Amino acid sequence: MPNLKISPPNQDVPSTSQTHCHHCGEICADASITADDKAFCCEGCKFVYELLRDNNLCTYYDISAQSGVSFKNALPDKRRSRFDYLDDPQTQQSLLEFTNGLIAKTTFHLPQIHCSSCLWLLEKLHKLSNGIISSRVDFMRKEVSITFDPEQISLRGVVELLTTIGYEPELRQQNISISSNKKQNNATTTTATSLYLKIGIAGFAFGNTMIFSFPEYLSGVGELDSRLRMFFGIMSIALALPVLLYSASGYFQSSWQSLKQRHINLDVPIAIGILALFVRSVVEIASGATSGYLDSFTGLVFLLLCGKLFQQKTFDAIAFDRDYKSYFPIAVTVRRKGSSGADETTIPLSALGVGERMIIRNNELIPADSVLESAVGHVDYSFVTGESAPVEVLCGNVLYAGGRVMGAALEMTSVKDVSQSYLTSLWNNETFQKHPQSALEQVSDTFGAYFTAFVLVLAGAAFLAWLPNVGTAVNAATAVLVIACPCAMTLAAPFALGWTLKIFGNAGFYLKNTSVVLELTRINAVVFDKTGTLTNARTNRVQYKGQGLTSHEQEYLAAALRHSTHPLTRSIATVMQYVGMPAAQLQISNYEEIPSRGFQCRVEEHYVRVGSAEFVGGETVENTTIISANVHPERLHFQSPHLESQHLQGAQVHIAIDGAYKGLFNVNAEYRRGLAKLFSQLRPKHKLYLLSGDNDAEHDTLSDLFTDDRAMAFFQTPQDKLDCVKTLQESGLGVAMVGDGLNDAGALRQSNVGIALAEERGTFSPACDAVMSAHKLDRLADFIGFAGYTRRVIIAAFWISVVYNIVGLSCAVMGLLSPLVSAVLMPVSNATVIGFTTAATILGAKLRKI
Amino acid sequence: MATEMVMILVGFSTAFALTFLAAFIWAVKSGQFKDNTTPALRILVDDKE
């Protein structure tokens, strides 16, 4: 039933929809754009091809075919003036990393980077312009660093060049506040670099001290030449010193910090242990008793650091800390009274004040609350409210920051500052200021405190028990400090959580850090947003109900619909193209749009009217579904039968041709697949809520999922959502919020685990704890379940380490600790813990098919 | 005699091993561990010039 076409594909007309653009691979709607016998979908693609051909850069297409960036989704704005703000010295300064007048360096984020062809072309920029000295791509971060000669090409020239070849840099507010941003970036790079260095030095010392210790282990105590033993001991100390002073320095700093705050964290017992190991080794080597425990010492530090590195796995391409600044443009076009009347100029957004007259074009965001000056327009508020359908606004209406202008450009006067607007003031909420302690910190700090107390008490007891014999007493007490290893937390947790992070990442669920895994195990309420979360914001379900259309009528209709700029009719035009309806070029005349009613036009000799029922003259339709298909920008889905409600709802577009009513198109948001199953999986252990900014038109459909009416709330403002999550938390629930837009930003931040859905990797998502590929939403219950499994693995590893600690500590208390015992016991216990957690986590993921 | 021989040889071998450590430190400092995806892709691209 879903794929009923209006008529069989017309055999006479060559199926143009099968021709793919040589540049970007999109379907060519129109076969007339060609160059060198190659077809292109639009003039933009053809232009890039010719530019590359003229510069001998056609290798671009050989590396991977049809690799170009499509211009379909790019702003249709071709005005040169839109980059005017890049000539502003202040803006330039904030975008340039370095300049001395002869060379300048800058880095751009290019979300379009997707294949090795992109990499190749972007590193050949110097062939397209003499002013560019070199360019370097960081593929994972989707960044290009460009060195250029400012005498020959301006910053604006570089941006324009990138834009011409389809890679328009993402220039956002956030890039402007870059000075702080870059410092932060540099800081993380430095810690990563220094961690590698620390591990390298610890590993080097570990390997060599182990070799120096072997002669004694093999020959037995006292058998080795005393001079040789002293020599090996001194060499070991020489190697171990950098490990103590550099590699292990982080543990000392961290435990010192926590002790100063009268608090014990997990680094305290580690610092005590490694300090005891080192001091006792030096004493024993100096007294000539043994060759010390320095192999155990360096090995321990090496493994601890490896655990740290493992836990630090990050997803470069994903940013978890974006706020509204990442969405907003860095410049805005304003009309100011200049010498020659009212001039259009582009100013940086930071310079935008109240009372400025702004011009916002199709697809641009409104940067500040303002009052509309144009007569009428359409604004898509899905960012702010979650409401999916565009809103019609009239002159004098207040427009909220974050709305996206659809169709014709609008003029408006700002009434509030950018940061004080309705949406952006959400970020002034205290939720965005506080940084609560993470679950992992809580657990490991508690563990660290108990462990430290336990070790100190045991060492004291051992000392007292041996007391008349001071030598043995000191020996036993220090042995306890040396051998006690909190490896359940220091090794088991990093490896188990690190593996889980990697496994989730491969499955399309990217966590901010390992602590989120533990947070997930504490969740017992899940809150969903509707638009873009439960529904797919980019896919519409389009159904045609009415009389059959002849293939000529389809042609007229397709041509007319494509001419309109209204998002609804564009959706329908797309679906018609994808189900193989003809797309001939027809003459359109007398086009007339009547606000909030529809439009009419003449196609060839026929008269087409599209719009609301009263405008078109609708009548009752026989309920036959003629076409029904879901549009997706890349491919066509056919609708799944579940969740389809019986009666018509959503937006309707009626059509009439030559005065005769033909039928209506019903455009609905499409629900994601697998929701019913997901909800039945979640329901036993979690309370489920819906917070929608949209209207309650879908209430009946949703009550299948949310069995309780009280669990659903509609017409929620971003602030309402935040408060709602807070109320749930105050009633003792651990809340996971699943959302997608800026309107969920507050709730995502307030919740224990904020999960942002992203349609594809690298798309914008608000600040959150986890980013999830939107098509993986149906696996959410499995992900939460696996987080619980990981927690059980860590607990099991804890008991393994308890067994080793009992063996080791009994040796220590009895005064039997020797370098050999330590050299065997510590690596074996560490290896078992690491091996067990790794194997258990990976096997568990395989069994659960994650 | 054998003891002195061992000491000298151990000294030499450690000094030699230190050069590898130095090479590793240089590699980290020169940023070779910062981005390990792009160079792998870069090498796959043929230049017909």
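## Helices and salt bridges in chain A

Take helix H14 (residues 470-483) of chain A: with 14 residues at 1.5 Å a residue, a span of 20 Å is expected, and the end C-alpha atoms are indeed 20 Å apart, which agrees. Bear in mind that this is a predicted model. Buried residues in H14(A) include Ala473(A), Ala476(A), Ala477(A) and Val480(A). Their cover includes helices H11 (267-287), H13 (439-465), H25 (780-813) and H26 (819-847) of chain A.

Helix H9 (residues 226-247) of chain A is bent by about 25° at Ala240(A), with Pro242(A) following within four residues. Even so, its end C-alpha atoms sit 30 Å apart, in agreement with the 32 Å that its 22 residues should span.

Over on helix H8 (residues 178-219) of chain A we find Met210(A). Together with Ile211(A), Phe214(A) and Leu218(A), Met210(A) makes a nonpolar surface patch of about 420 Å².

Now for the charged pairs. The count is twelve salt bridges over all chains, and here are some of them:

| Salt bridge | Closest N to O |
|---|---|
| Glu411(A) and Arg335(A) | 2.8 Å |
| Glu373(A) and Arg357(A) | 3.9 Å |
| Lys721(A) and Asp744(A) | 2.6 Å |

Lys721(A) lies in helix H23 (residues 718-730) of chain A and Asp744(A) in the loop between strand S27 (735-739) and helix H24 (745-750), so the pair ties together parts that are 23 residues apart in sequence. Lys721(A) is buried at 0% relative accessibility, and Asp744(A) is buried at 0% too. Elsewhere, shared partners join Arg335(A), Arg357(A), Glu373(A) and Glu411(A) into one salt-bridge network. In that network Glu411(A) counts as buried at 17%, while Arg335(A) is partly exposed at 27%.

Notes. Residues numbered from 1 in each chain as written. Chains lettered and ligands numbered in written order. Predicted model: local features only at pLDDT ≥ 70, side-chain atom pairs only at ≥ 80, totals over all residues. Heavy atoms only, no water. Helix = DSSP H or I, 4+ residues; strand = E, 2+ residues; numbered from the N terminus. Expected span 1.5 Å × (residues − 1). Buried < 20%, exposed > 50% of the residue type's maximum accessible area, 1.4 Å probe, protein only. Contact = heavy atoms within 4.5 Å. Patch = residues over 30% accessible without salt bridge, like charges linked within 9 Å, V, L, I, M, F, W, Y side chains within 5 Å. Areas by Shrake-Rupley, 256 points an atom, 1.4 Å probe, with all protein chains shown as cover. Salt bridge = Lys/Arg side-chain N within 4 Å of Asp/Glu carboxyl O. Bend = angle between axes of the 7 residues up to and from the residue.
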